[in-house]
Amino acid sequence: MKFNGKPLVKLNPEPLEADLLPVKEDGRWCFTLPEGRKFRILQLTDVHIGGGLLSYKKDIAAANAVIRTVNAAKPDLIIVTGDMVYPIPVFSGSRNNLKSTKTFIKLMEGFCLPWAVVFGNHDEEKSSTHKKSRLAEEYERAAYSLFQRGEPSITGEGNYSVLLKNADGTLNTALMMIDSNMYLGRGFYSGFDIIHDDQTEWYKREIAKLSGGGPSVGSMAFFHIPPKEFKLAWEKCYKGNFDEVTYHGGFVGEKDNYFGYPKTKECSFFSEMVKLGGVKAMFMGHDHLSTLSLTYKGIRLTYGMSIDYLAYFGIKKKHTQRGGTVIEIDGKGDFTVTMLPLDEVENGV
């Protein structure tokens, strides 16, 4: 495969078994897990394809990192939690987020595996050539993509669910994809936006439909910008309050324990998910140097390992945060989360 005209490392696609291929059921993509098998998800995040002359070499490095990580993970499904592209001219040399999105899609389609995305705050910028709605059209029409634009009356582009069922037809886990939106104003310095109340209500309605009047079925949420509660949980953790928080691994690599959560607008999403019940985990990106994973109020919160070579000054030389995150779900709905560092992939560890 070539990337912007240059050959990449070899893709080793392993097509899914026929009985695990997703099918559409009531408007949702659905996988059926064969008995005795685990379902393997690879979370990627913050790939940041620039698509311009300034980012050419870093884009190739990012594409090769994605290929090596996917080859090593051998996933059944790839989920990318935002910032697939980075149309900021001072870094990339391009404002054309449609061009870089098409480049990213071509990369993902080469694996011949089901994949899904949620938008981050950088996929569309104030100066970008195209809106997320236009990018969504490209994601929705890609052959292996499970992306759906979702209900047009709800905030964001791409609030949708992907279901995992057991061999007997019972629902194992609902994978809930959410657009965590971008900015409160027109750019980065206006502050980050939140998951809006109508999106939270959509999530609750989806779970209610799937639960059929019974207890809330198990679900996992995938989005980009972390909630405030992730930072609160980490503060409890590093102060030694392990009665309320369980530390699973990873670290906060951002300076001064920085979390890029919305700081000027309150968000009810996390608290409503605690009340809803059945929410097993939330996976996000956004803070590229952090890989923290902990459980707070019964919900596993995890920063996915990032890919980014472009968006932070000097990040190309950093490496302990780079890679993917593997989520395995068994027939009971129990799951494990494992970091897959690119260093180990490249060194064959």
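Here are three short exercises on the pockets and the cavity of this predicted model.

**Exercise 1.** Find the volume of the largest pocket, and work out which residues are closest to its centre.

*Solution.* Start with the space itself: the largest pocket comes to about 440 Å³. Next, go to the lining, which has 22 residues, with Y86, I88, H122, F188 and A311 the closest to the centre. Finally, sort the lining by class: twelve nonpolar residues, five polar and five charged.

**Exercise 2.** Do the same for the second largest pocket: what is its volume, which residues line it, and how do they divide by class?

*Solution.* First the volume, about 240 Å³. Now walk along the lining. One part of it is E124, E125, K126, S128, T129, H130 and K131; M182, Y183, G185 and R186 complete the list. Then pick out the classes. Asp, Glu, Lys and Arg count as charged, so E124, E125, K126, K131 and R186 go in that group. That fits the tally of five charged residues, alongside four polar and two nonpolar.

**Exercise 3.** How many cavities of 30 Å³ or more does the structure hold, and which residues line the largest cavity?

*Solution.* Begin with the count: there's one cavity of 30 Å³ or more. The largest cavity holds about 60 Å³ of space. Around it you'll find S180, D193, I194, I195, F223, I225, P226, P227, P262, C267 and F269. To finish, split that lining by class: nine residues are nonpolar, one is polar and one is charged. Asp counts as charged, so the charged residue in this lining is D193.

How values were computed. Residues numbered from 1 in each chain as written. Predicted model: local features only at pLDDT ≥ 70, side-chain atom pairs only at ≥ 80, totals over all residues. Heavy atoms only, no water. 1 Å grid on protein atoms, 1.4 Å probe; cavity = no way out; pocket = protein on both sides within 12 Å on 5 of 7 lines; lining within 4 Å. Points joined across faces, edges and corners; volume = space filled by probe spheres on them.
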